[in-house]
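Here are some short exercises to work through with the model on your screen. Try each task before you read its solution.

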Amino acid sequence: MQVPKPTDEDCARFHALVPDDPRVEVKPMFGNLGAFVNGNMFLGLFGSQVGVKLSEPDRERLLATGGEPFGPPERPMGGYVSLPGGAPEASASWVAQALDHVGALPPKVEKG
């Protein structure tokens, strides 16, 4: 599988969506980017796709409004949906929902 690389514009769009929240950490992931809360990714960049991790009902709502599976077409990431292009305000709302959803999950335990 070829991992797509984001453009500078893709990275700028991603960074513009990252909430200004002290709990949020942005880290590189396989040549792309991820935003994490308590060690769990809630926002990701895969090539030009920006995806969010949402509850099942919210995933269904986002898919119904133009969202698509997030990640490699042959193996999309479970629980994540790509944000449709368009209004940044709508994307910011989905990102806030993803932060709330993932922020309520137990912190990820470091393996080691």
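**Exercise 1.** Find the exposed residues on the face of helix α2 turned away from its buried side.

*Solution.* Start by locating α2 at residues 56–64; helices here are DSSP runs (H or I, at least four residues) and strands are runs of E (at least two), numbered from the N terminus. This is a predicted model, in which local features need pLDDT of at least 70, side-chain atom pairs count only at pLDDT 80 or more, and totals for chains, interfaces and linings use all residues. Residues are numbered from 1 along each chain as its sequence is written, and side-chain values use heavy atoms, leaving out hydrogens and water.

Next, look for exposed residues (over 50% relative accessible area; buried is under 20%, partly exposed in between; 1.4 Å probe, protein chains only). On the face turned away from the buried side you meet Pro 57 and Ala 64.

**Exercise 2.** Which residues of α2 are buried, and why do they line one face?

*Solution.* First, pick out Asp 58, Arg 59 and Leu 62 as the buried residues of α2. Seen down the helix axis, these fall within an arc of 105° (taken from the directions from axis to C-beta atoms), so they line one face. Finally, these buried residues pack against β4 (49–53), β6 (80–82) and α3 (88–103), where contact means heavy atoms within 4.5 Å.

**Exercise 3.** Why is strand β2 largely enclosed by the rest of the structure?

*Solution.* Check residues 32–37 in turn: six of the six are buried, so β2 is largely enclosed. Then take the sides separately: Asn 32, Gly 34 and Phe 36 cover one, and Leu 33, Ala 35 and Val 37 the other.
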